[in-house]
Amino acid sequence: MLVPTSAQMPHTVRPIANCFGLHQSSILNLDRCCRWWGTGKKMILPTRSMLESSNGAPSGRLVKKRKIVEHIILLRAKPNISDDEEKDMLDYLYTSQYQMRGILAISLGRIEDPNSENFTHAVFMRFQQGEDIAKFQSSSYYSKILDEHIKPVSYGSVSVDFESEVEDDIIPLFRRGEDFNYGVEFMLLISFMETAPREAMEDALASLQKLLTQCSSFIVQATYILCQCFVQNLKELFVPAYFYFVSGCCLNHMDNGYNHGAVIRFASLDDFKLFRDSKEYNNMWASKFQPIVEKSLQLHFTVDPVGNQLM
């Protein structure tokens, strides 16, 4: 499989769980260890260390934000899709960023576990503005990809678009650097019940944001898909400078049935599993979300660079 030039260097950051040999039910215990151990040069992740003060504490600086639009595509591949057909589909989607203007970042892959809607592949794309998504979807290049490499091997898809803000810096904006070359992308999509009290929804989303902030030592970036009425309340919560917290509002929730969610990039599969299987996350989901959620999707895929040649 073709690999971008930026990803051809050796991957030197080891999974945190492997470094400590820990398999604990509480993820916060592991996170506290990581914060202490993070003062050692070998364990400081480049993306975060560039934003930290000299003593490892959050710098407290004012962070300039930039508005962006993010696009999620969920695909259902046919059962008889071949390895070559799957590779071509992912290659063409991934390298579209080199053909189309306005695409800031992209990650994609095969969804690891079965899900209630039988989605098999997921694509995450970041655009400069909403008009860029419309241009991308109406372009002859993308139409050709759909007709020749996606529709023949799939039987349905769902897309989610949302406006958001991200730190106006190269690494978090373009998702570049060693931290973003590998890892696990976790997508959480939910639809609250129409009868769910607003206070309960706000409490659930704030609990999720608080947990992600507490686990920020091994989360590379977290993006929230929120209705606009929740954005300001969550922004007022403390977020460390080295944690890329992004919030926004869903643009097309009437079409796909999901109106809230999160996209979280973990540094490794071990880190993702520790988070997903932790008592903190599962207790939060059972107590805060399940009573007021109508439907939900929890998907993850391994991030692996796909191609660097124009298709």
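Student: Between which helices is the loop that holds Arg175?
Tutor: This is a predicted model: local features need pLDDT of at least 70, side-chain atom pairs count only at pLDDT 80 or more, and totals for chains, interfaces and linings use all residues. Residues are numbered from 1 along each chain as its sequence is written, and side-chain values use heavy atoms, with hydrogens and water left out. Helices (H or I, at least four residues) and strands (E, at least two) are DSSP runs, numbered from the N terminus. Arg175 is found in the loop between α7 (170-174) and α8 (178-181).

Student: Is Arg175 buried or exposed?
Tutor: Buried means under 20% relative accessible area, exposed over 50%, and partly exposed in between (1.4 Å probe, protein chains only). Arg175 has a relative accessibility of 7%, so it counts as buried.

Student: What is the phi of Arg175?
Tutor: Arg175 is not a glycine. Its phi is nevertheless positive, at about 55 degrees.

Student: Which other loop residue has a positive phi, near 60 degrees?
Tutor: Look in the loop between β2 (103-110) and β3 (121-127). The residue there is partly exposed, at 48% relative accessibility. It is not a glycine either; it is Asn118.

Student: How many helices and strands does the protein chain have, and what share of its residues is buried?
Tutor: The secondary structure comes to 13 helices and 10 strands. The chain has 311 residues, and the buried share is 53%.

Student: What share of the contacts with a separation of 6 or more joins residues 24 or more positions apart?
Tutor: Contact means heavy atoms within 4.5 Å. Take the contacts in the protein chain with a separation of 6 or more; the share from residues 24 or more positions apart is 84%.

Student: How are α4 and α6 oriented to each other?
Tutor: Axes are lines fitted to C-alpha atoms, for helices over the stretch in contact, and angles run from 0 to 180 degrees between N-to-C directions. Angles under 35 degrees count as roughly parallel, over 145 as roughly antiparallel, 65 to 115 as roughly perpendicular and the rest as oblique. The axes of α4 (residues 83-94) and α6 (residues 140-150) come within 10 Å and cross at roughly 170 degrees. That makes the pair roughly antiparallel.

Student: How do the residues of the α4 contact with α6 divide by type?
Tutor: From α4 come Asp88, Met89, Tyr92 and Leu93, which meet Tyr141, Tyr142, Ile145, His149 and Ile150 in α6. Ala, Val, Leu, Ile, Met, Phe, Trp, Tyr, Cys and Pro count as nonpolar, Asp, Glu, Lys and Arg as charged, and the others, Gly among them, as polar. The contact divides into seven nonpolar, one polar and one charged.

Student: Which residue forms a salt bridge with Lys87?
Tutor: A salt bridge is a side-chain nitrogen of Lys or Arg within 4 Å of a carboxyl oxygen of Asp or Glu. Lys87 is partly exposed, at 30% relative accessible area, while its partner is buried, at 2%. Both lie in α4, four residues apart, about one turn of the helix. The closest N and O atoms are 2.6 Å apart, and the partner is Asp91.

Student: Why can residues four places apart in a helix point the same way?
Tutor: Count the residues in a turn. Places three or four apart point the same way because an α-helix has, per turn, 3.6 residues.

Student: How far apart along the chain are Glu185 and Arg265?
Tutor: Their salt bridge has its closest N and O atoms 3.0 Å apart. The pair links distant parts of the chain, with Glu185 in strand β5 (residues 183-192) and Arg265 in strand β9 (residues 260-266), and the separation is 80 residues.

Student: What are the relative accessible areas of Glu185 and Arg265?
Tutor: Both ends of this bridge are buried. Glu185 has 0%, and Arg265 has 2%.

Student: How many salt bridges are there?
Tutor: One of them joins Asp277 and Arg276, at 3.2 Å from N to O. Bridges that share partners also join Lys64, Arg66 and Asp168 into one network. The count comes to 13.

Student: Which strand holds His300?
Tutor: His300 is buried, at 7% relative accessibility. Leaving out residues up to four places away in sequence, His300 touches residues including Arg110, Glu185, Phe272 and Arg276. Its strand is β10 (residues 293-303).
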